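Start with the open space in this fold, then turn to its packing and its backbone. The report below takes these topics in turn.

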Amino acid sequence: MSLKLVFDHVDFLVLDKPSGSSFHSEFEPGVVALAEVQFGLKLYAVHRLDKGTSGLLLLAKSSEAAADLSQLFQNQQIQKFYVALTDQKPKKKQGWVKGDMVQARRSAWKLTSTLTNPAVSYFVSAFYEVEGRRAFLVKPFTGKTHQVRVALKSVSAAILGDELYQGTAADRLYLHAYALYFSWRGTDIKLVLPPSDGTEFLSPSLLQHLNQIWAEPALLEWPLYQKPTTSKVVE
């Protein structure tokens, strides 16, 4: 499998991770190992994407760059945006999803009403011209395992193809790491990558919406997140 190179910087690579490819090596080489072979470099992970998630994956070229990039992710200084699809009717069309995440059954996670160390996301959504489908643009402010998947499940809009969270079966998990924005060594980095795999993602009306309405996700009106001072969910 040949990985698509999206951006090549002296300190890092950004790849288009395919859906269905494991991040770490399991029974076969993972994305990081494959990238090291393909590009002839020692690469360092600074964030990860679930096996079913496609899209922008950043890999550092040195341990020093990896440490600094990891710090940017940890300090929420890298803006991340995901696109997801559902065929379910959400309880709300946009807004916050906040709460602590605890492990549930079958390697799944669930959202609780407490805010001790919460997963925090904000989303907007829109219909496109496929009956019963809704597209979501999600901005996670934290980086928890399965965060976007659990957030959308919690508003009754499990992602298409996400059977772990009661999503409708499909040819893939319809979750895509769509955009990254951050400042690196004095240079502003802006990466936006529409999905290129999956029947539902290739709907002309969805791609038109991405190219026209969500083409610059960071320029949309996103609320600021301030860490809560209470233990209750604030909507």
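By class, the residues that line the largest pocket split into nine nonpolar, nine polar and five charged. The model is predicted. The lining has 23 residues. Nearest the centre of the pocket lie Arg 48, Lys 80, Thr 142, Gly 143 and Lys 144. Helix H2 (63-74), strand S5 (79-86) and helix H3 (147-154) are the elements that each give two or more residues to this lining. The largest share, three residues, comes from H3. The space in the largest pocket is about 560 Å³. Rolling a probe the size of a water molecule over the atoms shows where empty space is left.

**Annotated domain**

A UniProt record, an unreviewed entry, places the feature "domain: Pseudouridine synthase RsuA/RluA-like" at residues 11-153. Over residues 11-153, the chain is 20% helix and 35% strand. The end C-alpha atoms of that stretch are 36 Å apart.

**Nonpolar cores**

Which residues touch the most other members of the largest nonpolar core? They are Leu 137, Leu 152 and Trp 214, in a core of 49 residues. Leaving aside residues up to four places away in sequence, Trp 214 touches Val 124, Ser 125, Ala 126, Ala 135, Phe 136, Leu 137, Tyr 178, His 209 and Leu 220. Another core, of 18 residues, lies apart from the largest one. Its members include Phe 73, Ile 189, Leu 191 and Leu 193. In soluble globular proteins, nonpolar side chains tend to be buried together.

**Positive phi outside glycine**

Two residues are set out here, each with its loop and its accessibility.

| Residue | Phi | Loop | Relative accessible area |
|---|---|---|---|
| Gln 76 | near 60 degrees | between H2 and S5 | 35%, partly exposed |
| Arg 106 | about 55 degrees | between S7 (101-103) and S8 (109-111) | 57%, exposed |

Gln 76 has a positive phi and is a residue other than glycine. The loop that holds Gln 76 runs between H2 and S5. Both H2 and S5 are among the elements that give two or more residues to the pocket lining. Is Gln 76 buried, partly exposed or exposed? Gln 76 counts as partly exposed because its relative accessible area is 35%, in between the 20% and 50% cut-offs.

Arg 106 also has a positive phi although it is not a glycine. The loop of Arg 106 joins strand S7 to strand S8. Arg 106 has a relative accessible area of 57%, so Arg 106 is exposed, a class that begins over 50%.

Notes:
Residues are numbered from 1 along each chain as its sequence is written. This is a predicted model: local features need pLDDT of at least 70, side-chain atom pairs count only at pLDDT 80 or more; totals for chains, interfaces and linings use all residues. Side-chain values use heavy atoms; hydrogens and water are left out. On a 1 Å grid over the protein atoms alone, a cavity is a set of points where a 1.4 Å probe fits but cannot get out, and a pocket is an open set with protein on both sides within 12 Å along at least five of seven lines; lining residues have an atom within 4 Å of a point. Grid points are joined across faces, edges and corners, and a volume is the space filled by probe spheres set on the points. Helices (H or I, at least four residues) and strands (E, at least two) are DSSP runs, numbered from the N terminus. Ala, Val, Leu, Ile, Met, Phe, Trp, Tyr, Cys and Pro count as nonpolar, Asp, Glu, Lys and Arg as charged, and the others, Gly among them, as polar. Buried means under 20% relative accessible area, exposed over 50%, partly exposed in between (1.4 Å probe, protein chains only). UniProt positions are given in the numbering used here, feature names are shortened, and annotations may be inferred rather than shown by experiment. A nonpolar core is a set of buried Ala, Val, Leu, Ile, Met, Phe, Trp, Tyr and Cys residues joined through side-chain atoms within 4.5 Å. Contact means heavy atoms within 4.5 Å.
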